[in-house]
Amino acid sequence: MPVIAPWTGARPAQVPSQPGDTEEAMTAGTTVDHLTETYRAHYRSLLGLAALLLDDTASCEDVVQEAFIRVHSARNRVRDREKTLAYLRQTVVNLSRSALRRRILGLKLLSKPMPDMASAEEGAYDLLERDQLIKAMRGLQRRQREVLVLRYFADMTEAQVATTLGISLGSVKAYGSRGIAALRIAMEAPV
């Protein structure tokens with residue numbers, strides 16, 4: 001884990017040993033130039049690290065960019081310039097964890113749709129189709145209507161329908177076939 005200087009104002013001032021060291025002593029920690037060099041050299045490797053932790057490229061890029069922003073704003077607290085990369089890696093890992101936690105929480109909080117509930121529009125279409133079917137069934141011959149109701153709505157076999165109505169199995173098939181053909185024509189006709 002990188003060493004970060006404490007954030008206190010009671011820090012002893014560093015006395016520069018040479019006149020050229022004045023700038024470095026005033027900006028203890030990582031410089032903007034060093035951070036820019038680190039960005040150029042290690043952006044792809046940090047992106048790869050984020051990709052191992054996250055699943056989409058956009059999130060990885062966001063995490064790495066945010067890590068650089070955070071390190072940039074805290075660059076004066078990084079005591080050792082050589083630990084800038086380690087600090088960036090740790091920041092990428094922490095931000096990736098946070099992103100995953102937010103996703104998991106978001107998934108938990110999503111409302112689950114009711115599986116059996118139809119929309120109001122679907123319900124209206126169902127009612128229209130049912131009304132149209134009932135109207136078409138009323139337009140069929142009596143025997144066709146009886147065969148179709150027993151066969152498809154009462155879920156009887158053709159033999160059971162024949163026994164119930166007292167007609168032959170061939171008649172059940174003929175009435176059923178003609179009834180379905182008549183229903184198709186009636187259902188396709190404009191209302």
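Here are a few questions and answers on how terms apply to this predicted model.

Q: Why is T84 called buried?
A: Buried means under 20% relative accessible area, and T84 has a relative accessible area of 1%, so the word applies. T84 is found in helix 4 (residues 84–109).

Q: What makes the pairing of D55 and R103 a salt bridge?
A: The cut-off is a side-chain nitrogen of Lys or Arg within 4 Å of a carboxyl oxygen of Asp or Glu. In D55 and R103 the closest N and O atoms are 2.5 Å apart, so the pair qualifies. D55 lies in the loop between helix 2 (32–53) and helix 3 (57–73) and R103 in helix 4, so this bridge ties together parts that are 48 residues apart in sequence.

Q: Why is D55 called exposed, and R103 partly exposed?
A: Exposed means over 50% relative accessible area, and partly exposed lies between that and the 20% limit for buried. D55 has 64% relative accessibility, so D55 counts as exposed; R103 has 28%, so R103 falls in between.

Q: How do you know that E146 forms a salt bridge with R143?
A: The closest N and O atoms of E146 and R143 are 3.5 Å apart, and the limit is 4 Å, so the pair counts. Both residues lie in helix 6, three residues apart, about one turn of the helix.

Q: What makes R142 and E146 a salt bridge?
A: Their N to O distance is 3.2 Å, which is within 4 Å, so the definition is met. R142 and E146 both lie in helix 6 (residues 142–153), four residues apart.

Methods. Residues numbered from 1 in each chain as written. Predicted model: local features only at pLDDT ≥ 70, side-chain atom pairs only at ≥ 80, totals over all residues. Heavy atoms only, no water. Helix = DSSP H or I, 4+ residues; strand = E, 2+ residues; numbered from the N terminus. Buried < 20%, exposed > 50% of the residue type's maximum accessible area, 1.4 Å probe, protein only.
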